[in-house]
Amino acid sequence: MGAVMGTFSSLQTKQRRPSKDKIEDELEMTTVCHRPEGLEQLEAQTNFTKRELQVLYRGFKNECPSGVVNEETFKQIYAQFFPHGDASMYAHYLFNAFDTAQNGSVKFEDFVMALSILLRGTVHEKLRWTFNLYDINKDGYINKEEMMDIVKAIYDMMGKYTYPVLKEDAPRQHVEVFFQKMDKNKDGVVTLDEFIESCQEVRTKL
């Protein structure tokens with residue numbers, strides 16, 4: 001999840017601070033193929049101020065002039081931040097987590113709602129979002145195959161320069177440790193309640 005926030009923080013810092021007033025900002029939104037909801041509505045739905053939303057929108061529009069981003073473009077943007085690894089598979093899972101409508105595209109609203117949770121949401125909200133990322137088939141459970149896919153994708157993304165001496169069975173060991181801690185009733189799957197409970201236990205001990 002740290003990689004997610006780092007990526008989107010970078011998108012923000014690349015943009016110069018807006019110099020136009022609110023009316024001009026709203027008019028600019030009409031020039032793209034998809035027009036986001038009004039800033040007032042997004043301000044009410046997220047933990048961002050109107051000024052922050054303006055900055056985020058300009059950054060989003062700079063990367064995605066059409067107002068929406070498809071998976072291929074999302075992968076290209078994400079890959080820039082992990083030049084020593086292959087981020088394509090992790091970006092695929094991340095894109096699916098952002099694409100809440102599961103229609104193959106991410107709108108500004110999808111982007112900013114997720115970013116609001118990841119940067120300023122409660123611990124419970126962040127854990128729910130992360131669980132959804134790991135629950136690849138969206139059946140409400142995380143099984144070992146799903147967790148293995150996510151872990152492998154993370155290792156591929158970080159690349160050999162970050163983990164030069166990892167053994168081939170490292171992902172499997174990681175998954176086994178995960179399930180030992182998370183699968184409270186030992187039924188082979190991790191539910192949302194188990195996931196949240198286990199993460200909060202770890203957080204309490206830190």
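**Exercise 1. Find where Gln102 sits, then work out what is odd about its backbone and whether it is buried or exposed.**

Step 1: Start with the location. Gln102 belongs to the loop that runs between α6 (88–98) and β2 (105–107). Keep in mind that you're looking at a predicted model.

Step 2: Now check phi. For Gln102 the angle is near 55 degrees, so we have a positive value in a residue other than glycine. Most residues other than glycine have a negative phi.

Step 3: Look at accessibility. Partly exposed covers the range between under 20% (buried) and over 50% (exposed). Gln102 comes out at 47% relative accessibility, so it counts as partly exposed.

**Exercise 2. Run the check on Lys186: where is it, what is its phi, and is it buried or exposed?**

Step 1: Lys186 is in the loop between α10 (170–182) and β4 (189–191).

Step 2: Its phi is positive, about 55 degrees, although Lys186 is not a glycine.

Step 3: The relative accessible area of Lys186 is 56%, so this residue is exposed.

**Exercise 3. How many salt bridges does the structure hold, and which parts does the one between Arg120 and Glu52 tie together?**

Step 1: The count is five salt bridges.

Step 2: Take Arg120 and Glu52, whose closest N and O atoms are 2.8 Å apart. Arg120 is in helix α7 (residues 108–120) and Glu52 in helix α4 (residues 50–63), so the pair ties together parts 68 residues apart in sequence.

Step 3: How open are the partners? Arg120 is partly exposed at 41% relative accessibility, and Glu52 is partly exposed too, at 26%.

**Exercise 4. Which parts does the salt bridge between Lys184 and Glu201 tie together?**

Step 1: The side chains of these two meet at 2.9 Å, N to O.

Step 2: Lys184 is in the loop between α10 and β4, while Glu201 is in helix α11 (residues 192–205), so this pair links parts that are 17 residues apart in sequence.

Step 3: Lys184 is partly exposed, with a relative accessible area of 36%, and Glu201 is partly exposed at 32%.

**Exercise 5. Describe the surroundings of Asn143: which strand holds it, what does its side chain reach, and which residues does it touch?**

Step 1: Asn143 is part of strand β3 (residues 141–143).

Step 2: Follow the side chain of Asn143 to the backbone nitrogen of Glu145, at 3.1 Å.

Step 3: Leave out residues up to four places away in sequence, and Asn143 touches Phe179, Gly188 and Val189.

Note on methods:
Residues are numbered from 1 along each chain as its sequence is written. This is a predicted model: local features need pLDDT of at least 70, side-chain atom pairs count only at pLDDT 80 or more; totals for chains, interfaces and linings use all residues. Side-chain values use heavy atoms; hydrogens and water are left out. Helices (H or I, at least four residues) and strands (E, at least two) are DSSP runs, numbered from the N terminus. A polar contact is a pair of N or O atoms within 3.5 Å; within protein, one must be able to donate a hydrogen and the other to accept it, and residues adjacent in sequence count only if both atoms are side-chain atoms. Contact means heavy atoms within 4.5 Å. Buried means under 20% relative accessible area, exposed over 50%, partly exposed in between (1.4 Å probe, protein chains only). A salt bridge is a side-chain nitrogen of Lys or Arg within 4 Å of a carboxyl oxygen of Asp or Glu.
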